[in-house]
Structure formats: C-alpha cells, structure tokens
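Colleague: Could you walk me through this model, starting with how far to trust it? I have the sequence and coordinates open.

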Amino acid sequence: MKILGIETTGPYCSVVLRENEDIIGKEETDEVFNHLRSLTPMIKKIMEDTGNSMEDVDTIAVSAGPGSFTGIRIGVSTARALDQATGKGIVKVPSLDAFGIYGIGDTVCTETVKCPLINARRNQVYGGAYVGEEAIVPGGPYMLQELLDKLPKDRDVLFGGDGCIAYRDQMEEFIAGRRGCKMAEVHQSAEAVSRWTYENLKNGKTRPVTYEELMPDYMRMAEAQRKLEEKRRAQRG
C-alpha cells in the first residue's frame, strides 16, 4: 500500500510517500507558513526521487484540521485536485489524532500521556490527550488552562506543538509544578499523517472519500468571521 501523506496545518509543510511500514520519500520545508509555494513542488520532487508517479499511489492522506486555517485550505485543496485528476481517493486525517498518537515521542506509548497543543490564539489551543491510541481527552478547541485541568494528575505528560511556544510561560509554570511533565520540540508532520492512515486503513477504521466529500475541519470560526459575527450582533443589539 502506497500512501501520499500531506501535512499543512502547522507552521511547516511536509509530504511523505509511505509504502506500508516504510517511508520511502520525505520532504519538509524549513520556511514557516510557506505552504502555497512549497507543497506542489515537494510532491513532484518526492515522485521524481523515488521513481514513482501518482499512478503508483494507492491513496492520498491529508491532515484536514484543526490548525492554520490557510494551511488547511491549501492541503485540502491540493488533495482534492489530486483526487480529481487521478481518482485515487482521499483519507481525511484528524490532525490532533495523528499528531497526538504518532507525532509526539518516538513510539506509541501506553504509559505517558501525549498532549498536542496547537496555537489557536487568544489563550486558546486545539488540543487533546492520548494514551496509546486512546483519546482520554477528546481533541478539540480549549482554553489552555481548561485543557491542562483535564489532564490526569498521576501520569507523566509529554507536550508538543506550537502552542508550547506561544504559551511558553504558562507551560513552564505548569511543568515546574508537576514532575514527569515536559515539552518536546515537535510539530505536525506528514509522517504521522501517513502512519495514522496506514494503521486505520489496515484495521478497517477509516476509508478513502472522493474530492467532493472531503471537507476541512476548522473546529471553530476564523478570526475574520468571528469579528464579523460580533459586529453583526452589536448592530442588531
């Protein structure tokens, strides 16, 4: 099974080509939020470097959100275009699940709690908490402190994502008060996206959809839309 994995929800754009358990091609930009310019050339380069084409790919996997609204749109639009051209089908990957289970730490750990923190601004994060492949705190939008309060107090916790950087002072204060908690300098990756896809396809827990069925998962309103709604409510009131 060959999977083309696409990740654009975080600060760095990445693409991988996975064949079953193995990553046979990988590209990641080192420029922050340069997805629009980088994504298509990265896909072409992976195909050239590995001697493959889209005809050799079995399915496309895209991280569909939450995360950067612009990044999500770029990734989803690219996956749609590839499916429309090839009919390979797309696996819609929940970004927090892929990152929390397969992107933080070296292994799928059943002891440590893994907590993805994606910066959602205004003291908010997209986050969750995972033990092994189980979400003990469902992925979603939270106020940072709300999410921290939901974490088990008797377990080690490993945090990852750009929320750790955006709210570093609060995170360092939290970690200082709890032994066994630390932050990892990691971000969302196409490798985790392709791994989530491979495992869930293999176990029959997901299926590819068509480009017409694929929808982004923003989880909350964009900032511009939120301000517009606030303005409308103020005018009505």
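Colleague: Over which residues does pLDDT stay under 50?

Modeller: Happy to start there: this is a predicted model, where local features need pLDDT of at least 70, side-chain atom pairs count only at pLDDT 80 or more, and totals for chains, interfaces and linings use all residues. Residues are numbered from 1 along each chain as its sequence is written, and side-chain values use heavy atoms, with hydrogens and water left out. The chain's mean pLDDT (the predictor's confidence in each residue, from 0 to 100) is 93. The stretch under 50, with five contacts (heavy atoms within 4.5 Å) beyond four places in sequence, is residues 223–229.

Colleague: Thanks! How many residues of α7 are buried?

Modeller: Helix α7 (a DSSP run of H or I, at least four residues, numbered from the N terminus) covers residues 190–202. Its buried residues (under 20% relative accessible area, 1.4 Å probe, protein chains only) include W196, Y198 and L201. The cover over them includes α3 (95–103) and β5 (90–93), a strand (E, at least two residues). Helix α7 is largely enclosed by the rest of the structure, because the buried count among its 13 residues is ten.

Colleague: And which residues lie nearest the centre of the second largest pocket?

Modeller: The lining of the second largest pocket divides into six nonpolar, five polar and eight charged residues. Its 19 lining residues have these nearest the centre: Y102, G103, S189, E191 and A192.

Conventions
The expected span of a helix is 1.5 Å times one less than its number of residues. Buried means under 20% relative accessible area, exposed over 50%, partly exposed in between (1.4 Å probe, protein chains only). On a 1 Å grid over the protein atoms alone, a cavity is a set of points where a 1.4 Å probe fits but cannot get out, and a pocket is an open set with protein on both sides within 12 Å along at least five of seven lines; lining residues have an atom within 4 Å of a point. Ala, Val, Leu, Ile, Met, Phe, Trp, Tyr, Cys and Pro count as nonpolar, Asp, Glu, Lys and Arg as charged, and the others, Gly among them, as polar.
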